[in-house]
Structure formats: structure tokens, C-alpha cells
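These are my notebook entries on a structure I looked through today. I took up a few residues, the charged pairs and the main pocket in turn.

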Amino acid sequence: MAKVIIFGVMDTAELAHFYLKHDSEHEVAAFTVSRDYMNGTEFQGLPLVAFEEVETIFSPSEYKFFAPMTGRNMNRNRERIYLEAKAKGYEFISYISSKATVFGNQIGENCFILEDNTIQPFTTIGNNVVLWSGNHIGHHGQIKDHVFFTSHVVMSGHCVIEPYCFFGVNSTIRDFLHIATGTLVGMASAVYKDTEEWGLYLGNPAKKLPKPSYEAY
């Protein structure tokens, strides 16, 4: 069992606290957030401290870290906190729901994998990846770092998902596709072809919009 510091004071942090409390061996010890976003000294009945000084209060030698943040700024906000916490010396946990099917696949650190995900065999998942509830992750696939799947996304077999991608609710990715760095696939969109870096794709079949993904989300 690890004592864990959670980053955040919004819904995702509250949910992470719930999942870790009710469906893990970890103990949440405190929350942290950037000083500018602090409103008080407690959250969920636990200490809330400034991220700028968290390591001086909760030593990385005694506590582990979890940053289950949203996909804002194409996951780069979450990446920044992940890297800054690593630089402070923290090791990370991942939360993998007991109600997810994972088949012993390799899953990295600081991943937040909720209930009813099916991750088929021979698939690898990198670091700092969020799989919200109810996704199908196909066999022989690869999801790289800093990726966010919302809910009920279908990633068919043999796909490679590059970093910083985001997939909207009910989106679909055909088998054997390469989804390029920073791709945003909109809600209910279906991707039939390889994508381009930082592309924004909407529709069925999905078409690339002129606006880059990082200007949309």
C-alpha cells in the first residue's frame, strides 16, 4: 500500500479520491494544486498544499503521486504537472479499475483507467494515459504517452496512437491505423485513414478541419 498525493481540486481529483479509497490498496494522504488555485487548506477532508512546495511537506521518499487531470491543451497541461512532479522526485501510481479487463497488458505510470474498459491482449499503454469508462482497446495496439480516451471509444486492432491524442465520446478508429501526434477525434466521429499531426477530425467519415487540434481543445 502506498500513501498518495493527488493533484487537483476539481471533479477528476474528487473521482480519483473515490476510486482509490473504494477500489485500491492505496491511501490518499493529501491533495495539492498550484498556489494560484488554492481555496483553503483542505479538500475532501484531507490536507491541501501548494504544489510549489509539496515535496517539502510530503517527502517523495514516503509518498507517491497521482495526477489524473483532464485532456485540456491536448494533454499538455497534464504532461507538465507529471514532469514537474517527477522532477521533484516523486514516483507515480496508476489506478486500474478492478472492473476493467486488462489481460496483463503493459500499462505505464500515472494512468487512470476506469470501469468497463476492455484492453485486448498484446496491447501496450504508455505513461500518463486516461481511459474513461467503457472503451474498447483492440488487440496488438499501442497507445503512447499523454493520451485521453473519453467514453465508449472503439480503437480497433493493430492501431498505433501517438502522444497527445484525444478521442471524443463514441468515436471509432478503424484497424491498422496510425493516429498521428496531437490528433483530436471529435464525438461520434469515425476515422478510416491515418491522420496528420495536430489534426482536428470530425464526422463520419471523419474529415480534417483547417483549425489545429490545440486551438480547439
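**Entry 1: R72**

In which loop is R72 found? I located R72 in the loop between strand 5 and helix 3. I note at the outset that the model is predicted, and I read each value below as computed from it. I then looked up the contacts of R72, leaving aside residues up to four places away in sequence, and found that R72 touches N77 and Y217. I also checked R72 against F148: the two are 76 residues apart in sequence, and their C-alpha atoms lie 9.7 Å apart in space.

**Entry 2: N75**

I turned next to N75, which is found in the loop between strand 5 (64-66) and helix 3. Is N75 buried or exposed? I recorded a relative accessible area of 0% for N75, and because buried means under 20%, N75 counts as buried. I listed what N75 touches, again not counting residues up to four places away in sequence: H146, V147, F148, Y164 and C165. For H146 I noted a further detail, namely that its backbone oxygen lies 3.2 Å from a polar atom of the N75 side chain.

**Entry 3: Salt bridges around R35**

How many salt bridges does a search of the whole structure find? I obtained eight. I looked at several of them individually, bearing in mind that side chains of opposite charge can pair when their charged atoms come close.

I began with R35 and E52, whose side chains meet in a salt bridge at 4.0 Å, N to O. R35 sits in the loop between strand 2 (27-33) and strand 3 (42-43), and E52 in the loop between strand 4 (46-50) and helix 2 (54-57), so this pair ties together parts that are 17 residues apart in sequence. I found R35 partly exposed, at 43% relative accessibility. E52 is likewise partly exposed, with a relative accessible area of 40%.

I then found that the side chains of E53 and R35 meet in a salt bridge at 3.0 Å, N to O. This pair links distant parts of the chain, 18 residues apart: E53 is in the loop between strand 4 and helix 2, and R35 in the loop between strand 2 and strand 3. I entered E53 as partly exposed, at 34% relative accessibility. I therefore recorded R35, E52 and E53 as linked in a network of salt bridges, where a salt bridge requires a nitrogen of Lys or Arg within 4 Å of a carboxyl oxygen.

**Entry 4: E109 and K86**

I looked up one further pair, E109 and K86, whose side chains meet in a salt bridge at 2.8 Å, N to O. The two residues are 23 apart and link distant parts of the chain, with E109 in the loop between strand 6 (95-96) and strand 7 (112-113) and K86 in helix 3 (residues 76-87). I noted that E109 is partly exposed, with a relative accessible area of 23%. K86 is also partly exposed, at 36%.

**Entry 5: The largest pocket**

Which residues lie nearest the centre of the largest pocket? I found F7, G8, M10, V33 and M69 there, within a lining of 17 residues. I recorded about 450 Å³ of space in this pocket. Helix 1 (11-22) and helix 3 each supply at least two residues of the lining. I sorted the lining residues by type and entered nine nonpolar, five polar and three charged.

Notes:
Residues numbered from 1 in each chain as written. Predicted model: local features only at pLDDT ≥ 70, side-chain atom pairs only at ≥ 80, totals over all residues. Heavy atoms only, no water. Helix = DSSP H or I, 4+ residues; strand = E, 2+ residues; numbered from the N terminus. Buried < 20%, exposed > 50% of the residue type's maximum accessible area, 1.4 Å probe, protein only. 1 Å grid on protein atoms, 1.4 Å probe; cavity = no way out; pocket = protein on both sides within 12 Å on 5 of 7 lines; lining within 4 Å. Points joined across faces, edges and corners; volume = space filled by probe spheres on them. Nonpolar A, V, L, I, M, F, W, Y, C, P; charged D, E, K, R; others polar. Polar contact = N/O pair within 3.5 Å; in protein donor to acceptor, adjacent residues only side chain to side chain. Contact = heavy atoms within 4.5 Å.
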